[in-house]
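Visitor: I'd like to understand how the labels on a structure are earned. Could you walk me through a few of them?

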Amino acid sequence: MSQMLQIGVTNYTIVAGANATGAAGATISKANVTITANATVSNKVYDRTTLATVTAGTLAGVIGNDDVNLTRAGAFVTSGVGTSVAIIMNNSISGAAATNYTLIQPSGVAANITAKPLTITAENFSSVYGSTTNLGTGAFTQSGLIAGDSEYVSLTQGGSYSSPN
């Protein structure tokens, strides 16, 4: 007994054999597709998230003209500053023939997270000669602190002129 099965643009003839219960059957496994070795992730400045920008990588193993598209995605394993921080790849495939394939995620991908600049600015104060001026706690401002990180960073402000001149 044989049956015709059309896959993509190529026809195959499958001769059905008997399975363990004696019923005729055949199994067609999905083909594996991988992402080429140039799968890379951009380094980033600390932003309190694990979002990674996957910048390269193409599918390898797609048969013929099958309609299979790659959507690149990934996440850092931590949001903190570090060198060669591991990336969990979470790419996906889509297209008319995507269900015929299993996507094998790349491994060993890493990128750097660098420190975000935090700027402290002293306000411009002046005084009359001979007087001492306490700069107080409003004499300095900060910029660059990410919302939600204020519980981890505190700016203790204060100061005075060191000389009456």
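Guide: Gladly! Please keep in mind that this is a predicted model. Let's begin with L155, which lies in the segment after β16 (140–143).

Visitor: What makes L155 partly exposed?

Guide: Its relative accessible area is 35%. Buried means under 20% and exposed means over 50%, so L155, at 35%, counts as partly exposed.

Visitor: Which residues form a nonpolar patch on the surface with L155?

Guide: L118, I120, Y152 and V153 form that patch together with L155, and their joint accessible area is about 460 Å². Patch members need over 30% relative accessible area, and L155, with 35%, passes that cut-off.

Visitor: Let's move to V45. Why is V45 called partly exposed?

Guide: V45 has 43% relative accessibility. Partly exposed is the class between 20% and 50%, so V45 belongs there. You'll find V45 in strand β6 (residues 44–45).

Visitor: How do you know that β6 and β14 pair?

Guide: Two strands pair if there are at least two bridges between them. β6 and β14 have 2 bridges, in the parallel sense, so they qualify as a pair. One bridge partner to look for is T114 in β14, which partners V45. V45 and T114 are 69 residues apart in sequence, yet their C-alpha atoms are 4.7 Å apart in space. Beyond its neighbours within four places in sequence, V45 is in contact with I113, T114, A115, K116 and P117.

Visitor: What makes β11 and β14 a pair?

Guide: Here there are 3 bridges, in the antiparallel sense. The requirement is at least two, so β11 and β14 also pair. G82, for example, has I113 as its bridge partner in β14.

Visitor: Which residues of β14 are on its covered face, and which on its uncovered one?

Guide: A111 and I113 are on the covered face, while A110, N112 and T114 are on the uncovered one. In a regular strand, side chains alternate between the two faces of the sheet.

Visitor: Why is the set with A111 and I113 called a nonpolar core?

Guide: A nonpolar core joins buried nonpolar residues through side-chain atoms within 4.5 Å. A111 and I113 belong to the largest such core, 12 residues in all, with V41, Y46, A52, V54, F76, V85, I87, M89, V109 and I146 as the other members. The elements giving two or more residues to this core are β11 (82–89) and β14 (110–114), and β11 gives the most, with 3 residues. A second, separate core of 7 residues includes V33, I35, A39 and V68.

Notes
Residues numbered from 1 in each chain as written. Predicted model: local features only at pLDDT ≥ 70, side-chain atom pairs only at ≥ 80, totals over all residues. Heavy atoms only, no water. Helix = DSSP H or I, 4+ residues; strand = E, 2+ residues; numbered from the N terminus. Buried < 20%, exposed > 50% of the residue type's maximum accessible area, 1.4 Å probe, protein only. Contact = heavy atoms within 4.5 Å. Patch = residues over 30% accessible without salt bridge, like charges linked within 9 Å, V, L, I, M, F, W, Y side chains within 5 Å. Areas by Shrake-Rupley, 256 points an atom, 1.4 Å probe, with all protein chains shown as cover. Salt bridge = Lys/Arg side-chain N within 4 Å of Asp/Glu carboxyl O.
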